[in-house]
Amino acid sequence: MLITVTGGIGSGKTRFALKYAAQISREGVYLSTGDHDPVIPELPSAHYRAIQAGNGLRLAELVTQINRESNLFLADQRIVIVDSLTSWMAAGFRAAEDLDQQRLETQHLLDALLSYQGKILVITNEMHGSLYPSEEERIFAARMASVNRILQTHAEQMYMLVSGLVIDLKAQQVRYEDEGR
């Protein structure tokens with residue numbers, strides 16, 4: 001089960017995600033880059049553990065490792081929380097040598113997230129452009145927006161936070177279908 005939480009910086013995504021995770025799962029793993037507020041929000045219970053992986057570890061490998069080591073019979077009782085996908089992608093984007101390597105890394109990451117067996121909650125940022133973005137910023141924003149669109153098509157639940165207000169996007173969605181016009 002894929003759940004996404006999106007919004008702007010400082011909108012309350014992490015706090016909401018942890019509280020929500022505690023409502024739907026007895027135990028969890030909180031994967032953090034540690035690049036946000038210096039105080040990690042208090043985890044919901046003793047059955048939640050935090051892994052501050054930083055931007056050095058590749059998220060795809062970490063999620064795949066957790067998936068391999070997990071007991072499939074207990075998968076519904078546990079949740080993995082990724083905070084934040086945007087930070088991990090930005091680190092990978094900076095470390096890649098060229099656009100082809102960036103595309104491969106992005107696909108590898110999407111494959112790991114979408115193949116996870118069990119509950120996974122992905123915290124991501126909405127991408128907003130600046131008036132005069134550099135070419136690198138433009139490419140990253142477009143890639144991140146594309147990843148967010150792919151995740152939302154697979155997510156069973158999707159929430160957006162705006163100034164601490166939670167909006168259930170799947171309940172509010174308006175479908176746009178291009179009929180080839």
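Two residues or elements are in contact here when they have heavy atoms within 4.5 Å of each other, and that meaning of contact is the one to keep in mind on this tour of a predicted model.

Begin by selecting helix 5, residues 135-154, whose 20 residues should span 28 Å at 1.5 Å a residue, and whose end C-alpha atoms lie 29 Å apart, which agrees. Within helix 5, colour the buried residues next: Ile139, Phe140, Ala141, Arg143, Met144, Val147, Asn148 and Leu151. Now add their surroundings to the selection, since the buried residues of helix 5 pack against strand 1 (2-7), helix 3 (85-95), helix 4 (99-114) and strand 5 (119-123).

Stay on helix 5 and show the side chains of glutamate 135 and arginine 138, which form a salt bridge with their closest N and O atoms 2.5 Å apart. These two residues stand three apart in helix 5, and so about one helical turn separates them. Arginine 138 counts as partly exposed at 44% relative accessibility, and glutamate 135 also counts as partly exposed, at 49%.

Move then to helix 4, which is one of the elements that the buried residues of helix 5 pack against, and select aspartate 100 and arginine 103, whose side chains meet in a salt bridge at 2.8 Å from N to O. Here too the partners are three residues apart in their helix, and therefore about one helical turn lies between them. Arginine 103 is partly exposed, having a relative accessible area of 43%.

How many salt bridges does the structure hold? It holds two, and the tour has visited the one in helix 5 and the one in helix 4.

How values were computed
Residues are numbered from 1 along each chain as its sequence is written. This is a predicted model: local features need pLDDT of at least 70, side-chain atom pairs count only at pLDDT 80 or more; totals for chains, interfaces and linings use all residues. Side-chain values use heavy atoms; hydrogens and water are left out. Helices (H or I, at least four residues) and strands (E, at least two) are DSSP runs, numbered from the N terminus. The expected span of a helix is 1.5 Å times one less than its number of residues. Buried means under 20% relative accessible area, exposed over 50%, partly exposed in between (1.4 Å probe, protein chains only). A salt bridge is a side-chain nitrogen of Lys or Arg within 4 Å of a carboxyl oxygen of Asp or Glu.
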